[in-house]
Amino acid sequence: MTPGRGPPLILAVLATLQACASYPQAEFGSGAVAQSVPDTPFHAQTRYQCGPAALLTVLEHSGAPSTMAALVEQIYLPDRQGSLQLELVAATRQAARIPYLIDPTLDALAAELAAGRPVLVLQNLGVGWAPRWHYAVVFAVDPDAGLIRLRSGTDPVRETGEGVFLRTWARSGFWGLVVLRPGELPEQPDPGRFLDALVAMEATGHGDVALPSWRVAHEQWPTRTLPLFALGNAALAGGDPASAEASFRKLLALDPQHAAARNNLAHALADQGRSAAAIAELENALSQAELPPALRAELQDSLSEIRNRGAGTR
Amino acid sequence: MQYSRQANRHPCGRRPAGALQQGVFQIAVFALLSLGFAQVSEAGVVATHDLSRLETRQGQAMDLERFMARSDVAAGLERFGVSPDDVMARVANLTDGEIAALHDRIGQNAAGGDAIAVIGVVFLVLLILELVGVTDIFKAI
């Protein structure tokens, strides 16, 4: 096949246009300095298994050692010859670490490195119509030299120019994952995203891992209700209703309309043998005009449960 | 300068016939049980991870939908070659929101793994793109 003069010329022009695509909002800000996490381990990947290799790298660095074999079982899809982002997130939870997606900028990436955390990134080394998706771990950046250094594939140190890295990273929507130890905050935490990450730990049965992080979140954002709600629930589940009561009361001082907190406060009171006070709290919550139906049903269940309990002990 | 995806396919053996159905059944049972997963707190207490659902949606009415989505995603993972035993552990660490995100689109999600079929003229175009810094395929991975 001998291509005519036309197509290559067009392609070259297109290529040049694409090369010009830049992402100013994602580039290093002025004053960005070199960062490095030299103790980032290296695990060479076998064919198509960059996902397990990259995840093993960041998990091991966070002190949650796993093995390639275990991670292949958890995140590799044989017939897709790769791993899905959400499965890396899920496997992080399984390893008792909190998965957090960083802001989509090189500055956010550098900030995590400065805090001593390597960042797992998804790149498309190809283009949209010929994708080559690849997971790698950024362990150093050098804004002055315009270089990003990665543990990538079978390459312990792969240097990529800032522009090329940004283009390959942009194709994944700047997907960058850090694995946080219990009680660790990201360097520039987005409260919504961080708290969602903790709720997801609870939803998948890893509440014990999230507990120290809820405490830290409450210190960081004392006026947010969700950390107090979680701390109250943890105390309640841990058999400490007095401490649960304190958390729920603190929350209700911030948001008196929080019907779910009032519901759980009632349980904390009932657990301390104060059924009358518990019932009063539930009646107070049920008197609110605009209660979501599911929450109203929950409050009514609590009311009959606590009334029955009171009748049984009388 | 070409290689086919087929030749490089992962050497994992195929499942024997019948294993899929058995796996799906296991998953269905597991998914049903896992609806109450992580709810170790006493009855009537609103769990932290249930808060937003209770405040925004119809609560229990969504259970069947959540259950179906979880089974579908599990079956999808099996279709892509995950063993039935591993599938259950894998879906257990996904939230309902993540299950919903994977649901029906599991085949279209990017799977990082270096796989690419480079054939003929495509190779030439990619080479040009590489030279101008658009792609980063050809260095050793």
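**Exercise 1. The interface**

Task: State how many residues each chain gives to the contact between chain A and chain B, and describe the side of chain B.

Solution. Step 1: count the two sides. Chain A gives 73 residues and chain B gives 57. Two residues are in contact if their C-beta atoms, placed from the backbone, lie within 7 Å. This is a predicted model: local features need pLDDT of at least 70, side-chain atom pairs count only at pLDDT 80 or more, and totals for chains, interfaces and linings use all residues. Residues are numbered from 1 along each chain as its sequence is written, with chains lettered from A and ligands numbered from 1 in the order in which they are written.

Step 2: find the elements. On the side of chain B that touches chain A, at least two residues each come from α2 (51-56), α4 (84-92), α5 (96-102), β1 (111-112) and α6 (120-131) of chain B. Helices (H or I, at least four residues) and strands (E, at least two) are DSSP runs, numbered from the N terminus.

Step 3: find the main contributor. α6(B) supplies the largest share of this side, seven residues.

Step 4: sort by class. The side of chain B that touches chain A has 31 nonpolar, 18 polar and eight charged residues. Here Ala, Val, Leu, Ile, Met, Phe, Trp, Tyr, Cys and Pro count as nonpolar, Asp, Glu, Lys and Arg as charged, and the others, Gly among them, as polar.

**Exercise 2. One residue of chain B**

Task: Place B:Asp136, and decide whether B:Asp136 is buried or exposed.

Solution. Step 1: locate the residue. B:Asp136 sits in the segment after α6 of chain B.

Step 2: count neighbours. B:Asp136 has 23 other C-beta atoms within 10 Å, so B:Asp136 is buried. The cut-offs are 20 or more other C-beta atoms within 10 Å for buried, 12 or fewer for exposed, and partly exposed in between, with C-beta atoms placed from the backbone.

Step 3: list its contacts. Not counting residues up to four places away in sequence, B:Asp136 touches A:Leu125, A:Thr160, A:Val164 and A:Thr168.

**Exercise 3. The chains as wholes**

Task: Describe the make-up of each chain, and explain why chain A is more spread out than a compact globule.

Solution. Step 1: count elements in chain A. There are 13 helices and eight strands.

Step 2: apply the globule rule. The radius of gyration of chain A is 25 Å, well over the 20 Å that the rule gives for 314 residues, so chain A is more spread out than a compact globule. The radius is taken over C-alpha atoms, and the rule is 2.2 Å times the number of residues to the power 0.38.

Step 3: take the dimensions. The C-alpha trace of chain A spans about 90 × 45 × 40 Å along its principal axes.

Step 4: turn to chain B. Chain B has six helices and one strand. Their order along the sequence is α-α-α-α-α-β-α.

Step 5: read off burial. In chain A, 49% of the 314 residues are buried. In chain B, 30% of the 141 residues count as buried.

**Exercise 4. Two helix pairs in chain A**

Task: Which orientation does α9(A) take to α10(A), and which does α2(A) take to α3(A)?

Solution. Step 1: take the first pair. Helix α9 (residues 225-237) and helix α10 (residues 241-254) of chain A pack at about 160 degrees, with axes 7 Å apart. That makes α9(A) roughly antiparallel to α10(A). Angles under 35 degrees count as roughly parallel, over 145 as roughly antiparallel, 65 to 115 as roughly perpendicular and the rest as oblique. Axes are lines fitted to C-alpha atoms, for helices over the stretch in contact, and angles run from 0 to 180 degrees between N-to-C directions.

Step 2: sort the contact of α9(A) with α10(A). Its residues divide into ten nonpolar, four polar and one charged.

Step 3: take the second pair. Helix α2 (residues 50-61) and helix α3 (residues 68-75) of chain A pack at about 120 degrees, with axes 9 Å apart. That makes α2(A) oblique to α3(A).

Step 4: sort the contact of α2(A) with α3(A). Eight of its residues are nonpolar, one is polar and none is charged.

**Exercise 5. Positive phi**

Task: What are the phi values of A:Gln81 and A:Ala96?

Solution. Step 1: A:Gln81 has a positive phi of about 50 degrees although it is not a glycine. A:Gln81 lies in the loop between α3 and β2 (83-84) of chain A.

Step 2: A:Ala96 has a positive phi near 65 degrees. A:Ala96 lies in the loop between α4 (85-94) and β3 (98-101) of chain A.
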